[in-house]
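Biologist: Please take a close look at one part of this structure, starting from a single loop residue, and then set that part in its wider context.

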Amino acid sequence: MPYTIPNKSCLGCDNCRPQCPTGAIRRENDKYWIDPSLCNNCEGYYPEPQCVTVCPNDSPIPLQAKRGRCKVEPREATSPDLFANGKSNPFASSIVIWEACNILAQRTSLPWETDEEGRICYRRQVNQGRGEIAFHIDARDTVKEPLSESTTELGVIENLDIRAACLHLILAAHATTLDKPWEQVFTIDNRQIEKYLGLEKRKDLSKAVKLNLIKNLLQQACSLLVSVKWFRQGRIQEFSFAETPLWHLQGMQNYFQEDRNGCQYLIGITFKIRAGIWAKHFLNRQGCKDRKAFYQYGSLPRTLLTTVMSIWQQHEGTARLMLWLLFKAKMGKEQRIMVPTLMRVAYGEEKVAIASTHRQERKRLLRTFEKDLEVLNHHGIKAIFDPVTYPPEIQPLWAKLMDIPEDPDEALEFWINDAGAKNCLTDTAPRGKWNQLMNARILSFELPPDWEQHMAKADKKRDSRYRKNSKTAGGLLGEQICQARKNLNLSQRELAKLAGKSQSWIRDIENGRLKAKVEDQAVLRKVLGIA
């Protein structure tokens, strides 16, 4: 049980503060306060609490839970609340923010490596190696004690909380409210964060627990250090910067309430945050107009934050997929995603590799993956299965059951017809289901209404690009390409190899989803012998 100091009986000798091994004793406004999240009764350091041992009048006493409501006291003004429309808010969505979100959500599932200085580092190549993004962890902000031999950097990464990704997204949303977020500071307090994350409705958590959780999650989000080496894109010159904080925690103001003995109870925290130098390059509104920098943003649904906060324990894989799809959807609705990619995001490369060689692990991972897809569907993120590579035979049972009519008579007829069919709905999965899934893909995800506004903008931009291509494409149609390929007895894969393209590109051209550019048409005409 942590201790507290009754300031009315405290002599103010300050003997206890230097002796505290965890730095839990603080002096704020000439009054002593022991941080209950740091105080551990000196376990592992001394046989007895040192604050009690060195105090002349044994002033420190065991901390008792605060009773009654917290008084509403004046606080420093905060930045305006997010989610003014109650549904969504703009947020910075550059690749720097995306990879930081992946780190906080996937932790050691990512391929961490050791850099030249012997530190743990996560690297991501950009544009086939023309650019690079690297992340380090400032462990001082994520652990309560200095790193020891038993507390490695990899251990710190493993202890990151997936809920810190939600705080990271909230900070990314606040950054979009400023003209120069790399210079300007925004202020946010615990009451705003509780509202965004749905913690205000958690009556099972005390005020002290909520405050400690918020402080730890925000410190984890602020512990990321980012290095960027970017290539020239158009008029934007190449740039680079090394190991700068993603978020600068400029200040943290605690608010207390005293009891009759003068014991200090923490009732609120205000944080001052400033975005790192990355914002000057990826969230620069004026620089984007001058074509000297980027201004990359998306739409953050409020339901995403509350959903992740509610399912992170039971369905961590689902939470990881939701956070990843938030950024993936920014590229447009028609994003075809391979099943192995989703599995690596949800469970990590190592678990997928183990499942490929161990039957029991494979069965367990398949059940978990299908359950996570079901939870996504329950929250409005519905997978659209590719009928060719992801046929009904290997689809989850819950997806098949969605086709059952609600009318009793129609449902009865459905089951009668299903019983007489060659392949029944409830048949066991075919042999080799895992191998089929490794080549299966999901055509797209049908998203909730509060995601659709952002998606509509991305699809509109994408469609305009396709219309532009179609104007310059000439008269070669997908049907002509398909017929000419069949006349030559070529498969899509063989044609893709001859044309130097991917099989999915050939398939999309033939189906009319894409229009070939002039130079690509010339290659296709030559390969297929079309005049």
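Is Asn41 buried or exposed, and what is its relative accessible area?

Modeller: This is a predicted model, in which local features need pLDDT of at least 70 and side-chain atom pairs count only at pLDDT 80 or more, while totals for chains, interfaces and linings use all residues. Residues are numbered from 1 along each chain as its sequence is written, and side-chain values use heavy atoms, with hydrogens and water left out.

Asn41 is buried, because its relative accessible area is 17% and buried means under 20% (exposed is over 50%, partly exposed is in between; 1.4 Å probe, protein chains only). The residue sits in the loop that leads from strand E3 (31-34) to helix H2 (50-54); helices (H or I, at least four residues) and strands (E, at least two) are DSSP runs numbered from the N terminus. Asn41 is not a glycine, yet its phi is positive, at about 60°. Most residues other than glycine have a negative phi. Arg291 also has a positive phi of about 60° without being a glycine. Its loop runs between helix H9 (285-289) and strand E14 (297-301). Arg291 counts as exposed, because its relative accessibility is 51%.

For the wider context, the protein has 531 residues, of which 48% count as buried. Its secondary structure comes to 22 helices and 17 strands. Taking contacts (heavy atoms within 4.5 Å) between residues at least 6 apart in sequence, 70% join residues at least 24 apart.

The largest nonpolar core, a set of buried Ala, Val, Leu, Ile, Met, Phe, Trp, Tyr and Cys residues joined through side-chain atoms within 4.5 Å, has 118 residues. Residues with the most contacts inside this core include Val96, Leu169, Trp230 and Phe445. Helix H5 (residues 164-175) gives the most to the core, with 10 residues. A core of 14 residues lies apart from it, with Leu495, Ile506, Ala516 and Leu528 among its members.

Trp230 deserves a closer look. Outside its neighbours within four places in sequence, Trp230 is in contact with Ile95, Val126, Ile133, Glu238, Phe239, Phe282 and Phe294. Strand E10 (residues 224-230) has 6 of its 7 residues buried, so the strand is largely enclosed by the rest of the structure. Strands of a sheet pair through backbone hydrogen bonds, either parallel or antiparallel; here two strands pair if DSSP finds at least two bridges between them. E10 pairs with strand E8 (residues 131-137) in the antiparallel sense over 6 bridges, and Val226 in E10 is the bridge partner of Phe135. E10 also pairs with strand E11 (residues 239-245), again antiparallel, over 5 bridges; there Leu225 stands opposite Pro245.

Helix H5 lies across strands E9, E12 and E13 and runs at about 140° to E9. Angles run from 0 to 180 degrees between N-to-C directions, with axes fitted to C-alpha atoms, for helices over the stretch in contact. These 3 strands form an open antiparallel sheet in the order E9-E13-E12. Strand E9 (186-189) and strand E12 (247-258) are at the edges with a single partner strand each, so one side of each has no neighbour in the sheet. From one strand to the next the twist averages 25°. E9 and strand E13 (residues 264-275) are joined by 4 bridges, and Ile188 stands opposite Phe271 in E13.

Another open sheet of 3 antiparallel strands has the order E15-E17-E16. Its edge strands, E15 (337-338) and E16 (382-385), each pair on one side only. E15 and strand E17 (residues 441-446) are paired over 2 bridges, where Ile337 stands opposite Ile442.

Among the helices, H12 (residues 339-347) and H14 (residues 359-378) have axes that come within 11 Å and cross at roughly 90°. The two helices are therefore roughly perpendicular; angles of 65 to 115 degrees count as such, those under 35 as roughly parallel, those over 145 as roughly antiparallel and the rest as oblique. In H12, Val339, Leu342, Met343 and Tyr347 meet Leu365, Leu366, Thr368, Phe369 and Asp372 in H14. The residues of this contact divide into 7 nonpolar, 1 polar and 1 charged, where Ala, Val, Leu, Ile, Met, Phe, Trp, Tyr, Cys and Pro count as nonpolar, Asp, Glu, Lys and Arg as charged, and the others, Gly among them, as polar.
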